[in-house]
Amino acid sequence: MNTYTIYPAIDVRDGAVVRLVQGDYDRETRYPADPLALAKQYAAAGAAWLHLVDLDAARAGGYTLAPLLARLKAETRLKVQTGGGVRGEADVEALLAAGADRVVIGSLAVREPGRVASWVGRYGADRITLALDSRRDAEGRWRLPVHGWTEPGEKELDVLAAAYAEVGLRHLLCTDIARDGMLSGPNLDLYRYLCGRFPRVEVQASGGARDAADVVAAREAGCRGIVLGKALLEGRLALADALAEARPC
């Protein structure tokens, strides 16, 4: 039976837990929780994984959360997929050495696919998560912005995902940017398409999840995981309820 993983998300900017709306750094909500304390709450609720994002690094480069990552690994049993600011192979190696279970690569995976594809083989498909986050253009094509979603991209989601699938990509996180932080529900049509076209890739839904019904719907669309952010932070969804929906029936 296929597993379905719940990834509570902690996005950090200037040391604070924040959520952006549609990736817009000027539309930020800050939450009072300390990142480490929040991660411990998620672990206590039964989470096995954490999705940790360095928003400062996503825009400017230079991962800043290594001390937090080290404490997470020392003080919880959480597995962590983390990224933000990965600009080269040295960053991948540094994150793995710091304790990351998977390194999330976004902009670089779009700009330099040949280079990043080689890392899937070098470090193992289970150590890399590609974040191919997309906006639909006026012609209906899914484009891939870069630099923390602040710069428009010309490359198309399905073309790049196909190239990575051919080299053995296993973990693909895809956010419909228009739904990120909007609590409008995940884009199930997008996930049905990705899961149907790339059946060997484990797709993680991200963006828009509101409640346990959305957790179930993403699983039924074929996703192997879902990233939960704002709904947890604002108390619209209890992590225990989401985890209950992920258990085998």
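The legends below describe close-up views of a predicted model.

**View 1. Helix α9 packed against helix α11.**
Helix α9 covers residues 212-220 and helix α11 covers residues 239-246. Their axes lie 9 Å apart and meet at an angle of about 25°. That angle makes α9 roughly parallel to α11, since angles under 35 degrees count as roughly parallel. The two helices cross in a right-handed sense. On the α9 side the contact involves A212, V215, V216 and R219, and on the α11 side A242, E245 and A246. Sorted by class, this contact of α9 with α11 holds five nonpolar and two charged residues, with no polar ones.

**View 2. Helix α7 packed against helix α8.**
Helix α7 runs over residues 157-166, and helix α8 over residues 188-197. The angle between them is about 30°, and their axes are 11 Å apart. As a result, α7 is roughly parallel to α8. The crossing of α7 and α8 is right-handed. From α7, the residues in the contact are L157, D158 and A162; from α8, they are L190, Y193, L194 and R197. In the contact of α7 with α8, five residues are nonpolar, two are charged and none is polar.

**View 3. The aromatic pair of Y7 and W49.**
The count of aromatic pairs in the model is one. The ring centres of Y7 and W49 are 5.8 Å apart, and the ring planes stand at 55°, so the pair is tilted. Planes over 60 degrees apart would count as edge-to-face. Y7 belongs to strand β1 (residues 5-13) and W49 to strand β4 (residues 49-54). The pair thus links distant parts of the chain, with the two positions 42 residues apart in sequence numbering. W49 is buried, with a relative accessibility of 11%.

**View 4. The surroundings of Y7 in strand β1.**
Y7 has a relative accessible area of 3% and is buried, because buried means under 20%. Apart from neighbours within four places in sequence, Y7 is in contact with W49, H51, Q81, R102, Q204, G225, I226, V227 and L228. E156 lies 149 residues from Y7 along the sequence, and the C-alpha atoms of the two are 26 Å apart.

**View 5. The surroundings of S206 in strand β11.**
Strand β11 spans residues 202-206 and contains S206. S206 is buried, at 9% relative accessibility. When residues up to four places away in sequence are not counted, S206 touches L173, C174, T175, D176, Y191 and V227. The C-alpha atom of S206 is 7.1 Å from that of L228, a residue 22 places away along the chain.

**View 6. Positive phi at D14 and Q22.**
Most residues other than glycine have a negative phi. D14 is not a glycine, yet its phi is positive, at about 55°. D14 sits in the loop between β1 and β2 (16-21). With a relative accessible area of 55%, D14 is exposed. Q22, also a residue other than glycine, has a positive phi near 55°. Q22 is placed in the loop between β2 and β3 (24-31). Q22 has 24% relative accessibility and counts as partly exposed.

Terms used:
Residues numbered from 1 in each chain as written. Predicted model: local features only at pLDDT ≥ 70, side-chain atom pairs only at ≥ 80, totals over all residues. Heavy atoms only, no water. Axes fitted to C-alpha atoms, helices over the stretch in contact; angles between N-to-C directions. Helix = DSSP H or I, 4+ residues; strand = E, 2+ residues; numbered from the N terminus. Parallel < 35°, antiparallel > 145°, perpendicular 65-115°, else oblique. Left-handed = near helix turned anticlockwise from the far one by under 90°. Contact = heavy atoms within 4.5 Å. Nonpolar A, V, L, I, M, F, W, Y, C, P; charged D, E, K, R; others polar. Phe/Tyr/Trp six-rings, centres within 6.5 Å; stacked < 30°, edge-to-face > 60°. Buried < 20%, exposed > 50% of the residue type's maximum accessible area, 1.4 Å probe, protein only.
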